[in-house]
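Good morning, and thank you for making room for me on the schedule. Please have a look at the sequence and the structure while I talk, and stop me if I go too fast.

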Amino acid sequence: MGKLHIAIFFGGKSSEYPVSLESAYSVIRNLDQERYVPVPVGISKEGGWFYFTGDIQKIKNDTWMNQEECIPAAISLAGGEGKLLLLQEGEARAIPIDVGFPVLHGRNGEDGTIQGLIELAGIPLAGCGVLASALCMDKHRAHKLAAGEGVLVPRGIVLSGREEKAAEDFAEKIGYPLYVKPVKAGSSLGVTKVARREELPKALALAFLYDSQVMVEENIEGFEVGCAILGKQELLTGEVDEIALSGGFFDFTEKYTLETSQIHVPARIAREKAEEIKKTAKAIYQALGCTGFSRVDMFLDQEGGIVFNEVNTIPGFTEHSRYPGMMKAAGYSFGELLDKIIALALAG
């Protein structure tokens, strides 16, 4: 059997474009070159699709988009062909694709859209499918489904317009601080921790820049924990991690620089509590129909309660990201993790 062609989709029109480049670089770099042929498919900020032929360091440095090393490309939708069409010099060539691996974060990458395209093309998909991706991207509906399984979720309301009065009334009911966040966005973009009433209008305006629906949500006193999950019916988990903050919250800057925060793997909690967190994470993963891999984020409150935050169906995949870090702590190298993800995609 020859090498498998793995299409790694990166870039995209999302505000999380730079994060995708870092993740894609790490994925390509850690693929076993004896077993796989990486097929880098870059999506520009304008939405153009290209087969990238250059040094993968240029993906990390965001210098990949150039005429010499980018060939316009498209996925063939002819049923079951599993091909990337290269549109060059008035004719189309094709590269086979055995597995499609989206390494795209946020809108149009993590919300089920590209997953649907890959599935329409008859290409085995690495990671969650259309429904789970869309549900997990929608924090409000994800909370509703998790709550239906008996999982604790924060109290919150959803606004579809600049309903400042409704937000103010809810804030008075639950008290400050609280969080204002887009319903469908990732990497904490558009999220504000609001300490007092006069900060609320600005926080709402910021969140509405990222989505047409916004959540106002109670603050959970405690700290954030995460659980990396891999699998379909049989689920593997990484070690639970813990985010230690010196102040504020785990916003976009902290997630990618760790300027004033630390991530502890394993979390500094009792083994029994870590096992309870893993069990809760699995229940959430299954309730939302996740398959392949995801990172489930939760809070551990001051009374020891486990409160659901969100699921990242395409978590960060850099060598320093939380998902591979949790799996590494459980004994799986980055390369082994990619092997398992690809095997799950091929198993269907």
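I will go from the whole chain to one sheet, then to a pair of helices, and finally to some backbone details.

Before anything else, please keep in mind that what you see is a predicted model. The chain has 11 helices and 17 strands, and along its principal axes the C-alpha trace spans about 65 × 45 × 35 Å. For a chain of 348 residues, a compact globule would have a radius of gyration near 20 Å, and since the chain has 20 Å, the two values agree. Of these 348 residues, 53% count as buried. If we take the contacts between residues at least 6 apart in sequence, 63% of them join residues that are at least 24 apart.

Now let us turn to the sheet. In what order do the four strands of this open sheet come? The order is 8-11-9-10, and the pairing is antiparallel. The edge strands, each of which pairs on one side only, are strand 8, residues 156–159, and strand 10, residues 192–194. On average, and ignoring direction, neighbouring strands of this sheet are turned by 20 degrees against each other. Looking at one pairing in detail, strand 9 and strand 10 are joined in the antiparallel sense over three bridges, and Leu178 stands opposite Val194 in strand 10.

Two helices lie across strands of this sheet. Helix 5, residues 139–148, lies across strand 8, strand 9 and strand 11, and runs at about 50 degrees to strand 11. Helix 6 also lies across strand 8, strand 9 and strand 11, and runs at about 175 degrees to strand 8.

Next comes a pair of helices. In general, two packed helices are described by the angle between their axes and the distance between the axes. Helix 1, residues 17–30, packs with helix 11, residues 334–347, at an angle of about 90 degrees, and their axes are 9 Å apart. Angles of 65 to 115 degrees count as roughly perpendicular, and helix 1 and helix 11 are therefore roughly perpendicular to each other. Which residues make the contact? From helix 1 they are Ser26, Val27 and Asn30, and from helix 11 they are Phe334, Gly335 and Leu338. The residues of this contact divide into three nonpolar, three polar and no charged.

Finally, the backbone. As background, most residues other than glycine have a negative phi, and most peptide bonds are trans. In this model, the peptide bond from Tyr176 to Pro177 is cis, with omega near 0 degrees, and Pro177 sits in the loop between helix 6 and strand 9. A cis peptide bond also joins Val265 and Pro266, where omega is about -5 degrees, and Pro266 is found in the loop between strand 15 and helix 9.

Positive phi values appear as well. Asp62, with phi near 55 degrees, is in the loop between helix 2 and strand 4. Asn108, with phi near 70 degrees, is in the loop between strand 7 and helix 3. Are these two residues buried or exposed? Asp62 has 35% relative accessibility, so this residue counts as partly exposed, and Asn108, at 39%, counts as partly exposed too.

That is where I will stop, and I am glad to take questions.

Conventions
Residues are numbered from 1 along each chain as its sequence is written. This is a predicted model: local features need pLDDT of at least 70, side-chain atom pairs count only at pLDDT 80 or more; totals for chains, interfaces and linings use all residues. Side-chain values use heavy atoms; hydrogens and water are left out. Buried means under 20% relative accessible area, exposed over 50%, partly exposed in between (1.4 Å probe, protein chains only). Two strands pair if DSSP finds at least two bridges between them. Axes are lines fitted to C-alpha atoms, for helices over the stretch in contact, and angles run from 0 to 180 degrees between N-to-C directions. Contact means heavy atoms within 4.5 Å. Angles under 35 degrees count as roughly parallel, over 145 as roughly antiparallel, 65 to 115 as roughly perpendicular and the rest as oblique. Ala, Val, Leu, Ile, Met, Phe, Trp, Tyr, Cys and Pro count as nonpolar, Asp, Glu, Lys and Arg as charged, and the others, Gly among them, as polar. The radius of gyration is taken over C-alpha atoms; the globule rule is 2.2 Å times the number of residues to the power 0.38.
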